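Me: I've got a structure open here and want to talk it through with you. Shall we go over the packing and a few backbone oddities?

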Amino acid sequence: MRNSTRRRRLLAPLAFAGVAALALAGCAETGSSGGASGATVQISGGITGGEADALNKSFDQFTKDTGIKVKYTGDKSFEGNIVTKVTGGSAPDIAIVPQPGLLKSLIDTGEVQEASDTVSKNVDKYWGEDWKNYGTADGKFYAAPMLANLKGYVWYSPSQFADWGVEVPKTWDELLTLTKTIQEKTGSAPWCAGFASDAASGWPGTDWIEDLVLRQSGPDVYDDWVAGKVKFTDPEIKKAFDAVGEILLNPDYVNAGYGDVKSINSTAFGDVAAKVADGSCPMTHQASFLSSNFLETKTKSGETPKIAPDGDVYAFVLPGEEEGQLSVEAGGEFVTAFSDDENVQKVVEFMSTPEFANARVKLGGVVSANKGADPSLASSEFLTETMKTLQSDDTTVRFDASDLMPATVGSGSFWKGMVSWIDGTPTDDVLAAIQAGYDN
Amino acid sequence: MTAIDEPGIRAATALTAREVKRQEKDARNKLTSRGATLAAIVIAVVWTIPTFGLFVTSFRPGADSATTGWWTVFTNPSFTLQNYADAMTSGGTALTLGQSFINSLAIAIPATIIPIAVASLAAYAFAWIPFKGRSIVFVGVFALQIVPIQMALVPLLSLFSRGLTINGVELFPGFTLRDVDHSFATVWIAHAIFAMPLAIFILHNFISEIPGEIIEAARVDGAGHGQIFFRLILPLAMPAIASFAIFQFLWVWNDLLVATIFAPSSSLPLTQTLNSLSGSWGAQWYLQSAGAFISIIVPLVVFFSLQRFFVRGLLAGATKG
């Protein structure tokens with residue numbers, strides 16, 4: 001008894017001193033290890049998982065040539081955190097910003113460096129005016145595009161189409177006829193869709209609408225709509241909603257493999273790939289990135305689906321009003337520099353060259369809109385086609401509208417509006433509610 | 001002091017004691033009845049189903065998880081450890097899950113010890129050293145608990161990275177740690193600051209309950225504040241300290257926001273890697289289930305080894321006597 005009390009008496013101060021020493025030692029250690037890593041350029045962005053590993057790898061040759069190390073760190077909540085970090089004075093050297101709207105808010109902090117002449121020339125040469133405009137604010141050019149993805153694909157099963165004796169449609173009307181034909185042949189819904197994406201739920205729906213606005217009303221109306229000059233309540237926009245509604249609000253046409261119209265809201269956007277792969281969903285509308293989701297799925301016979309024009313899954317670009325009209329919607333990231341350090345600028349310049357695009361495209365899963373890049377390097381036939389479409393001078397490319405609109409609309413009322421529209425709210429009410437986002 | 005006759009008080013106490021005992025017995029009977037047990041089991045099972053589903057998913061091949069629900073394993077079993085292997089090695093950021101696991105420990109342990117070291121001293125001072133404005137300062141410290149962390153992020157980060165200069169006089173140069181590999185100082189300081197109000201409050205409530213006679217006796221024997229604190233207060237307050245340590249450790253272990261904002265990219269914790277594991281388009285979400293169970297190991301070990309403190313800690317500072 002006595003013994004143990006005495007021991008405890010000794011132990012307590014000892015433990016306390018130990019604790020304090022540990023804490024202080026930790027501080028000292030971190031303090032002294034600084035200074036060594038001079039030539040490492042820190043990049044951060046929202047790209048994660050395997051794509052992040054590939055991005056890190058695409059700098060290997062560059063590091064060998066120049067001695068500049070590049071370290072990319074992905075963060076799923078990048079969009080929210082980067083503004084805090086930049087305002088707090090702790091910006092990375094380079095940020096990969098996925099939305100022009102977010103880029104504008106970052107430029108407003110005054111921390112973003114203007115692009116160098118070399119970068120500016122590269123963008124003129126390899127991308128063109130439309131892309132350059134998205135990285136420009138108040139007449140100054142800040143950020144070059146990096147990778148791209150093409151929206152407005154319809155994923156389908158070529159082998160099923162062959163069984164049913166149907167062809168890939170060339171116009172919007174043909175698509176509607178095709179939908180009807182499949183519905184009559186199979187007796188079940190021809191389309192599936194998933195709008196669920198945690199806090200961003202509804203965004204797959206905005207892509208549908210944007211595609212239809214671009215195809216029905218043309219790029220000029222689309223640009224005015226993005227700028228807020230054409231309101232959501234405008235007949236042109238309502239026309240797009242009505243066209244999409246012919247498919248998505250029709251209980252006979254959706255939601256293949258899941259249930260009724262309302263199940264669209266509870267289905268995760270990435271999960272539909274599995275239903276297309278196993279044949280229970282004939283068609284779904286999603287961007288080119290869905291091709292990577294198919295790697296994790298299985299066909300009815302238990303194999304990984306083959307993505308090819310004669311394989312298990314493939315995609316066609318959502319057709320326009322008339323045959324041959326090629327207006328597509330794209331997404332992409334912008335390389336934003338926060339430091340005018342020589343090494344950082346070298347990395348930014350490298351990222352605007354076709355060499356970088358080739359290095360990254362070769363590692364698979366992505367495409368670039370860089371006209372100097374070689375489409376044959378893409379990891380699949382599908383991605384090669386996508387890249388050719390993006391690079392072609394005949395293609396009218398427009399950036400994702402919801403990414404360009406102010407955040408209260410583009411990532412606010414527009415997303416929410418799509419969800420409530422699927423839930424059965426009348427179109428006019430939805431349009432008014434989305435438009436009201438501009439007043440917030 | 002008013003005079004009350006002692007037998008009266010004793011009788012009253014005896015009565016309440018008897019009543020309390022009867023109520024306790026009553027409650028015990030009700031809680032151990034067959035119906036109550038059944039209800040408890042049902043609630044426990046229902047409560048566990050989602051976690052169990054996640055656990056099963058973590059052992060299923062990715063392609064299976066993408067197409068069918070976890071309950072189909074009962075009719076069509078197929079299991080793999082591949083998810084755990086993949087989760088440990090493919091981090092999705094510059095770090096792998098294994099590396100960030102170590103980072104998490106390096107963040108959570110000091111971020112638990114530092115606030116306790118500071119708060120126990122402060123709590124002692126608030127409880128046993130009389131000084132002017134003591135209660136106002138104490139209320140002020142606890143009132144800071146109301147300030148949401150999010151409000152403090154930008155100013156604190158700005159202080160760390162830019163330093164503090166008022167009218168051209170540099171008061172604090174700022175840390176230049178952004179490019180330093182594996183520096184945790186900013187995260188530790190941030191966590192310590194955010195933990196302080198609650199830590200001081202809980203420890204103060206416990207330490208102020210220590211009978212004054214003990215401390216007076218120590219003083220009579222010639223003990224100074226140092227001796228009183230180390231020899232009396234710390235050993236006596238151990239249950240409260242241990243319970244706060246558990247709360248703080250679990251909070252820091254599960255924290256994503258503070259670490260993402262303050263840690264340099266080489267020092268990011270497990271939660272950050274776990275969050276990024278599923279990939280940009282969520283194609284590999286099944287890896288997250290495996291990652292979640294890797295990350296849960298440490299909180300489970302902490303909880304089970306310190307369980308008795310945990311239950312006691314729930315009552316620390318809450319009830320008297």
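Reply: Sure. One term before we start: a nonpolar core is a set of buried Ala, Val, Leu, Ile, Met, Phe, Trp, Tyr and Cys residues joined through C-beta atoms within 7 Å. Bear in mind that this is a predicted model.

Me: Which helix gives the largest share of the largest nonpolar core?

Reply: That core has 124 residues, and those with the most contacts inside it include Ile94(A), Trp155(A), Trp191(A) and Val244(A). The largest share is eight residues, and it comes from helix α10 (residues 203-227) of chain A.

Me: And where does this core lie with respect to the domains of chain A?

Reply: Look at who contributes. Residues come from both 40-149 + 331-390 and 153-328 + 401-439, so the core lies between domain 1 and domain 2 of chain A.

Me: Which residues does Val335(A) touch, leaving out those up to four places away in sequence?

Reply: Val335(A) is among the residues with the most contacts inside the largest core. With those sequence neighbours left out, Val335(A) touches Ile94(A), Ile96(A), Ala143(A), Ala144(A), Met146(A), Val348(A) and Met351(A).

Me: How many residues are in the second, separate core?

Reply: For this one, look at chain B, where you'll find Ile114(B), Phe184(B), Ala185(B) and Ile261(B) among its members. The count for this second core is 50 residues.

Me: Is helix α17 of chain A largely enclosed or largely open?

Reply: Helix α17 spans residues 381-391, and among its buried residues are Phe382(A), Leu383(A), Glu385(A) and Gln391(A). Those buried residues pack against β6 (144-150), α14 (290-293), β10 (314-317), β11 (327-337) and β12 (396-399) of chain A. Eight of its eleven residues are buried, so α17(A) is largely enclosed.

Me: In which sense do β1(A) and β2(A) pair?

Reply: β2 (residues 69-74) is mostly covered, with five of its six residues buried. Thr40(A) stands opposite Lys69(A) in β2(A). Strand β1 (residues 40-45) and β2(A) share six bridges, and the sense is parallel.

Me: Now the backbone: is Asp138(A) buried or exposed?

Reply: Asp138(A) sits in the loop between β4 (136-137) and β5 (140-141) of chain A. Its phi is near 50 degrees, a positive value in a residue other than glycine. The cut-off for exposed is 12 or fewer C-beta neighbours within 10 Å. Asp138(A) has 7, so this residue counts as exposed.

Me: What is the peptide bond from Val254(A) to Asn255(A)?

Reply: Asn255(A) lies in the loop between α11 (235-248) and α12 (263-266) of chain A. Omega for the bond from Val254(A) is near 0 degrees, and the bond is cis.

Methods. Residues are numbered from 1 along each chain as its sequence is written. Chains are lettered from A and ligands numbered from 1 in the order in which they are written. This is a predicted model: local features need pLDDT of at least 70, side-chain atom pairs count only at pLDDT 80 or more; totals for chains, interfaces and linings use all residues. Helices (H or I, at least four residues) and strands (E, at least two) are DSSP runs, numbered from the N terminus. A residue is buried if 20 or more other C-beta atoms lie within 10 Å of its own, exposed if 12 or fewer, and partly exposed in between; C-beta atoms are placed from the backbone. Two strands pair if DSSP finds at least two bridges between them. Domain bounds come from an automatic or database domain assignment. Two residues are in contact if their C-beta atoms, placed from the backbone, lie within 7 Å.
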